[in-house]
Amino acid sequence: MRNGNADDEIIRLASVSFHYEDKHVLDQVNLELFRGDFVGIVGPNGSGKSTLMKLILGLLTPTAGRILLFGQPQERFRDWSKVGYVAQQAAHGAGGFPATVREVVSSGLVGKLGLFRRLKPADREKVAAVVERVGLADKLDKRIGSLSGGQLQRVFIARALVADPELLILDEPTVGVDQESIEQFYELLRSLKDEHKMTMMIVSHDVGMMTQWVNKVACLQHTLHLHSKHEFEHHQEEILQVMYGDTVRVLAHHH
Ligand SMILES: Nc1ncnc2c1ncn2[C@@H]1O[C@H](COP(=O)(O)OP(=O)(O)OP(=O)(O)O)[C@@H](O)[C@H]1O
């Protein structure tokens, strides 16, 4: 599925395969994403979704095939401040350490500024503006331990956004977040995509909710099939049935 020109190509995976020492996980995965794409990644437990994200982020190296980021071979890509990543909430330790919202969001500038450079007034303003953007202006100097799950998730989004990424990768960002906050969260992502033409990849087990917001759906089960949202919605039952078998009813919302 092509819908952009080469300058707008943000991610390309060409025949990417990956196995852990004893476990074959991804098989000949091809994927092309363009500026402004919002792709949802769907697949059962253990199908390789987190592995795919780690490969794109350079945390793992493909066993075979190539990855290009912003048109450059990934092994030569250095511009990591263009890539924002929000890990699963569990990986953040659920806000257990005594930092403030301001401190956590400022830490998102470390990659861009270098570890020991002090924040300039412009950086501090940027941090405050991003925190306001995610609706937490009144929490700027609050400890993150005092926030709800939904608020905490927005802090981690703000940390990813403060360096102005062009690609945002989110791994199950809505786990443990209440329904109302989930809608606000997707509203925020949509406005980022519309205002900044940000490219986004999101893994979520809440297929019904996620697919309302994305424009493409990547179905992963060791191999990957990319569908337009329209195509996915038309064949949702069959696609989910093939991937998930009988658990499909739990996952798909029937509107
Ligand atoms: N470090 C590792 N060493 C060996 N096997 C691993 C490792 N990490 C993951 N696996 C295995 O690789 C497969 C894919 O894992 P991955 O975490 O990518 O799947 P996933 O689709 O993200 O799963 P989930 O939906 O449960 O988060 C699983 O079978 C998993 O057990």
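**Group meeting: Arg154, helix H6 and the ligand shell**

Let me begin with Arg154, which is placed in helix H5. The model I am presenting is a predicted one. Is Arg154 buried or exposed? Arg154 counts as buried because 27 other C-beta atoms lie within 10 Å, where 20 or more are required. Setting aside neighbours within four places in sequence, the contacts of Arg154 are Val134, Gly135 and Leu136. Gly65 stands 89 residues from Arg154 along the chain, and the C-alpha atoms of these two residues are separated by 35 Å.

Helix H5 also leads us to the next element, since H5, residues 149-161, is among the elements that cover the buried residues of helix H6. That cover also includes strand E3, residues 38-42, and strand E8, residues 199-203.

Helix H6 itself comprises 18 residues, from 179 to 196. From its first C-alpha to its last, H6 reaches 26 Å, close to the 26 Å expected at 1.5 Å a residue. Which residues of H6 are buried? They are Phe185, Tyr186, Leu189 and Lys193. These four span an arc of only 95 degrees around the axis, and therefore lie on the same side of H6. On the face turned away from that buried side we find the exposed residues Glu180, Glu187, Ser191, Asp194 and Glu195. After H6 comes Lys197, with a positive phi near 50 degrees.

I turn now to the ligand. Which residues surround the ligand? The shell consists of Tyr20, Lys23, Val25, Gly43, Asn45, Gly46, Ser47, Gly48, Lys49, Ser50 and Thr51. Two elements each give two or more residues to this shell, namely strand E2, residues 23-34, and helix H1, residues 49-56. Of the elements, H1 gives the most, with three residues. By class, the shell has seven polar, two nonpolar and two charged residues.

Strand E2 brings me to my final point, its pairing with strand E1. E1, residues 9-20, and E2 run antiparallel and are joined by eight bridges. Within this pairing, Glu9 stands opposite Phe34 of E2. How many residues lie between the two strands of the E1 and E2 hairpin? There are two residues between them. As a general remark, side chains in a regular strand alternate between the two faces of the sheet.

To close, I return to two points. Arg154 in H5 is buried, and H5 helps to cover the buried residues of H6. Strand E2, for its part, pairs with E1 in a hairpin and also contributes to the shell around the ligand.

Key: Residues are numbered from 1 along each chain as its sequence is written. This is a predicted model: local features need pLDDT of at least 70, side-chain atom pairs count only at pLDDT 80 or more; totals for chains, interfaces and linings use all residues. The expected span of a helix is 1.5 Å times one less than its number of residues. A residue is buried if 20 or more other C-beta atoms lie within 10 Å of its own, exposed if 12 or fewer, and partly exposed in between; C-beta atoms are placed from the backbone. The arc is that of the directions from the helix axis to the C-beta atoms. Two residues are in contact if their C-beta atoms, placed from the backbone, lie within 7 Å. A residue is near a molecule or strand if its C-beta atom, placed from the backbone, lies within 6 Å of it. Ala, Val, Leu, Ile, Met, Phe, Trp, Tyr, Cys and Pro count as nonpolar, Asp, Glu, Lys and Arg as charged, and the others, Gly among them, as polar. Two strands pair if DSSP finds at least two bridges between them.
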